[in-house]
Amino acid sequence: MAIHHPFILPLAAACALATAQAPAPKPASAKICTTCHTTAADNLRGHFDNLVLKNASFQLKIDERTEVLRFDKATLKVVTPEPAANAEAALKSIAKGHEVRVQFTEKDGVKTAVAVFAKPPVKLAASEIMTLDELQKLVATGPEKGKYFLFDSRPAPRFMEGAIPTAVNLPFPAFDKNVDKLPADKGALVIFYCSGKTCNMSPGSLAKAKKLGYTNAKVFVDGMPAWTKKAYGVLSPASLKAAFLDTQTPLVILDARPAPEASKGFIKDAVAVDPAKTADLLKTFPSAKLKPPVVVVDETGGDAAKAVASDLVKAGYVGVNVLSGGFKAWQAASMPVETGTLATKATFVPKPRPGAIAPADFTKLANLAPAERGAVILDVRNPDETKNGIIKGALTIPEPQLLARLAEVPKGQKVVCHCSTGIRAELAYHLLKEKGYDVQFLPTEITIIDSGEFTLD
């Protein structure tokens with residue numbers, strides 16, 4: 001007969017408790033990478049982010065989290081589609097947001113990249129590829145006259161942010177469950193597209209379609225990134241609500257209807273625009289460098305909205321969409337409607353990066369006496385920079401030394417990191433957040449003189 005001490009858990013229960021209390025393992029791959037790849041131990045898959053050559057480090061975005069990786073330029077192996085002179089040059093050639101696989105070693109909590117593999121373009125036969133010009137001509141003609149079927153192979157959340165006109169969402173991960181969306185005629189022209197030249201989802205859809213017997217299937221390899229540079233996309237009222245309004249993602253909504261009509265009811269925060277005077281709107285429009293998502297609305301998703309959207313694309317804006325079915329479709333879907341006077345000037349404030357402190361808040365904090373701040377200002381610049389001046393009372397620890405000098409960083413109060421540009425400060429933010437600190441970082445450029453006075457750019 002088993003005897004249990006009242007203060008000792010049975011072994012099975014103790015193991016179960018330990019398992020329940022153990023933190024969930026962090027994903028080694030971004031969700032989109034797991035669609036086509038498995039990730040080996042000591043490897044990470046995600047999107048290349050900030051590169052800091054001065055500190056021999058870079059950030060890797062894995063969905064909502066960020067990994068900071070060091071590297072030794074003398075030993076690091078970097079594989080990119082185009083050969084480069086050395087590892088640093090190869091890293092600089094990798095665009096921000098590009099999918100990469102990183103092989104690493106880890107010691108004392110520091111991950112060091114030993115190899116970086118930038119995802120190469122997909123390879124298809126010339127007969128399986130559709131060009132941008134060819135697709136634009138088909139879309140302008142329409143599915144009935146053009147006799148084509150266009151499918152977006154991206155996951156539904158990406159489709160809802162905007163798609164090529166006439167496209168139907170057939171996500172590659174759910175292809176086998178949705179084959180009924182394909183045409184009955186297996187000789188029909190079937191076109192797949194996804195997120196660009198390195199994305200495997202549309203080529204994967206092509207392979208599945210060919211196995212099903214489709215003989216005229218092609219891939220628009222350049223995908224949505226190329227389309228948005230040359231033309232507008234479309235989204236439905238439900239997509240606008242789910243992808244932008246419900247998530248509070250900043251965007252610009254333009255209402256191209258006549259003012260008397262629009263004032264009777266419009267989408268919240270919509271800005272009035274005259275299709276004949278888009279040039280006037282552009283004089284005060286948010287910079288194209290900010291890449292503001294734009295949705296253009298008219299009564300039915302017709303010529304007025306398309307004209308405004310086309311003008312914006314020609315002016316260099318990407319991510320411009322027309323609301324399918326226009327305001328009538330918005331009302332028919334029982335979406336919320338505002339009344340009154342529409343705004344006449346478009347504004348756009350990008351969603352801040354996680355952990356960023358507003359420049360005005362940083363200035364207010366830094367101008368207080370150190371004892372009154374209730375926070376630590378952590379300067380993570382290198383000694384050759386801090387010798388020219390630091391903010392009064394700031395703690396200085398070069399970012400590469402941060403993990404080794406954690407004991408110097410107080411854990412009982414907020415820590416606000418800064419460097420000279422915001423990039424190394426963000427690295428420090430992720431390192432400290434990982435260790436449980438209450439931390440923020442300044443995302444803008446700062447210049448500090450020997451008196452401790454500073455200016456923000």
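The following exercises, with worked solutions, concern a predicted model.

**Exercise 1.** Determine which strands stand at the edges of the sheet that contains E16 and E18, and why one side of each is left without a neighbour.

*Solution.* Step 1: write down the strand order, which is E17-E16-E18-E19 in an open sheet of four strands with parallel pairing. Step 2: count partners; strand E17 (395–396) and strand E19 (439–441) each have a single partner strand, so each stands at an edge with one side lacking a neighbour in the sheet.

**Exercise 2.** Describe the pairing of E16 with E18 and identify which helices pack on these strands.

*Solution.* Step 1: strand E16 (residues 375–379) and strand E18 (residues 414–418) are joined in the parallel sense by five bridges. Step 2: within this pairing, Leu378 is opposite Cys417 in E18. Step 3: helix H14 (residues 359–366) lies across E16 and E18, at about 105° to E16. Step 4: helix H16 (residues 423–434) also packs on the sheet, where it touches E16, E18 and E19, and its direction makes about 170° with that of E19.

**Exercise 3.** Characterise the second largest pocket by volume and lining.

*Solution.* Step 1: the second largest pocket holds about 430 Å³ of space. Step 2: its lining comprises 20 residues, of which Leu245, Leu251, Ile253, Lys268 and Asp269 are the closest to the centre. Step 3: sorted by class, the lining has 13 nonpolar, three polar and four charged residues. Step 4: helix H9 (237–245) and strand E12 (252–255) each contribute at least two residues to this lining.

Methods: Residues numbered from 1 in each chain as written. Predicted model: local features only at pLDDT ≥ 70, side-chain atom pairs only at ≥ 80, totals over all residues. Heavy atoms only, no water. 1 Å grid on protein atoms, 1.4 Å probe; cavity = no way out; pocket = protein on both sides within 12 Å on 5 of 7 lines; lining within 4 Å. Points joined across faces, edges and corners; volume = space filled by probe spheres on them. Nonpolar A, V, L, I, M, F, W, Y, C, P; charged D, E, K, R; others polar. Pairing = 2+ DSSP bridges. Contact = heavy atoms within 4.5 Å. Axes fitted to C-alpha atoms, helices over the stretch in contact; angles between N-to-C directions.
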